[in-house]
Protein chains: 2
Amino acid sequence: MTTPQRNTYAPGHDASQVKHHEWRTAENSAAYLLPHLQRAVQANPNLQLLDVGAGSGTISASLAKYLLPEGHVLATDISDSILARAKAHAESQGLGVPKNISFQKADVHALPFADGAFDVVHAHQVLCHLASPVDAIREMLRVTRPGGGLLALRESDMRMWCVWPEIPALLRFHEVMVRTLVANGGQEKGGRQLVSWVLQAGVRREDVEVSFGTWCYSSAGDRRAWGEAMIERLRTGQMRDKALEMGIATEEEIEGMIRGWEEWIETDDATLGIMNGEVVVRRT
Amino acid sequence: MTTPQRNTYAPGHDASQVKHHEWRTAENSAAYLLPHLQRAVQANPNLQLLDVGAGSGTISASLAKYLLPEGHVLATDISDSILARAKAHAESQGLGVPKNISFQKADVHALPFADGAFDVVHAHQVLCHLASPVDAIREMLRVTRPGGGLLALRESDMRMWCVWPEIPALLRFHEVMVRTLVANGGQEKGGRQLVSWVLQAGVRREDVEVSFGTWCYSSAGDRRAWGEAMIERLRTGQMRDKALEMGIATEEEIEGMIRGWEEWIETDDATLGIMNGEVVVRRT
């Protein structure tokens, strides 16, 4: 069976998506990798890290700080416009561009790099948007250095998502979000399948370290950051367009979801929890 | 409305339940508390910690090691027989009993301790078994020292549970586990409601730190520990008896679930992920 290869990013890079993504740092979104990374940098200060599907690049910039002064991050994405934004973010963080971090357009299905070119390859929430995640893992492994290079992957498990209070419009939002992802050819249960995918890509089980990590939105500031991004996404984002186009939700329902997030932002005892699968693969 | 107060532990303390619980340590089940605990011990080496509903006591003993040499853990449970086992475990860990850790029968609804008697009060997977978790939180707050004492709570969110591969008998197992808990008066969505519960108990939002933590079973050893405990629970535990008694599952289905876990243990790419809500409350 041939699987259609996608080289667009289905959720889009509109303002809502970018804002939501800028909350992300190495500490809140790649903590599972940090102890490995710190050991790797001690052993090799000139460490080369590839960040695949870097988007607005806040995790990339955050990872680059762990590699100072000699290591380097190359952040890739399929979108030129988001890379321009990622570059501006890196500069705002005091990182040298291109000394500490550089940017290049690339498709995860055909990375324009030599075999084994990177000591560490990292991808965050990339595979869940792909119809053929195993092929993408094979390609990322190809550019990972044999003999101890690391491939680090973190993927949402879209079904491992819980909100409190259970405002009906927000439960409906979750359902629409998952159905839109799946309609775009994405994976709704990526987190729990990461081990399975890397084994299908030819990795041995003993070379995989597995964990689950979470995102927690509950403080007033985090509720506002998340809720406003979701509202913008519902007002202007591709999730809105897709859901309407495919008949997954009506305009009236979308208006209800916006009011739902507005209510949730103002609710003192509100929480949102999301679980993500994580693997660190040691390439032999 | 009066809520019936339970002073038995619904899942029971049969061998399967105990075995499963002995996997638990402070590091894999109370990591969210450790930085707070380490700061508290530095400020007050004579720290007094109450562990409520300690069960087989492996987390209690593990926490006691962080309080050495001067601090002390008092571990309570409603079952004498499980406390005897917890005491034996503590002794096997080289802890002085009662110098570093002691044991006392107690009901979370009516703790036999003075107001403000403890610097830190900890409870792990206790509230999800109670019909009235907010009352139990009030009682635990009562015995927490005012002016900076800590109450640390961690609760499963039974719906935030994912298994791979999705063997049908294991999905059925999950459903039966949740329905049995609820039929016993427990809480299926405790993790996401912890903030709400502590606010209902009179805590201010600004005195609560919220997180979500996970359990991950995927390595061959962890799969065996989890899977065998579930099989024993299905063969001889109270979950089996309750499910049969209440007509939630048939004997034939239970046999299927046992075969499901046997298959899962032997599956190289299997994973199980569980998300837990966590709060640290600073008592003012």
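Q: How many salt bridges does the rule find across the interface of chain B and chain A?
A: This is a predicted model, where local features need pLDDT of at least 70, side-chain atom pairs count only at pLDDT 80 or more, and totals for chains, interfaces and linings use all residues. Side-chain values use heavy atoms, with hydrogens and water left out. A salt bridge here is a side-chain nitrogen of Lys or Arg within 4 Å of a carboxyl oxygen of Asp or Glu. Across the interface of chain B and chain A, the number found is four.

Q: Which residue of chain B forms a salt bridge with Glu166(A), with the closest N and O atoms 3.0 Å apart, and lies in the loop between helix 7 and helix 8?
A: Helices (H or I, at least four residues) and strands (E, at least two) are DSSP runs, numbered from the N terminus. Glu166(A) sits in the loop between strand 5 (150–164) and helix 7 (168–183) of chain A, and its partner is in a loop of chain B, so the pair joins two chains. That partner is Lys189(B).

Q: Which Arg of chain B also forms a salt bridge with Glu166(A)?
A: Look again at Glu166(A), which takes part in a salt bridge with an Arg of chain B. The closest N and O atoms are 3.0 Å apart, and the residue is Arg192(B).

Q: Which strand of chain B gives the most to the side that touches chain A?
A: Contact means heavy atoms within 4.5 Å, and by that rule 29 residues of chain B are in contact with 30 residues of chain A. Strand 5 (150–164), helix 8 (190–200), strand 6 (208–217) and strand 7 (271–282) of chain B each supply at least two residues of that side. With six residues, the top contributor is strand 6.

Q: What area is buried between chain B and chain A?
A: Buried area is the accessible area (1.4 Å probe) that two parts lose on being put together, summed over both. Carbon and sulfur atoms give 65% of it. The value is about 2,500 Å².

Q: What kind of axis relates chain B to chain A?
A: The copies are superposed by least squares on the C-alpha atoms of residues with pLDDT of at least 70 in both. A turn of 180° and a shift of 0.0 Å along the axis lay chain B on chain A with an RMSD of 0.0 Å. That relation is the one given by a two-fold axis.

Q: Which residue of chain B has the C-alpha nearest the axis?
A: In chain B, that C-alpha is 2.8 Å from the axis. It belongs to Met160(B).

Technical notes: Residues are numbered from 1 along each chain as its sequence is written. Chains are lettered from A and ligands numbered from 1 in the order in which they are written.
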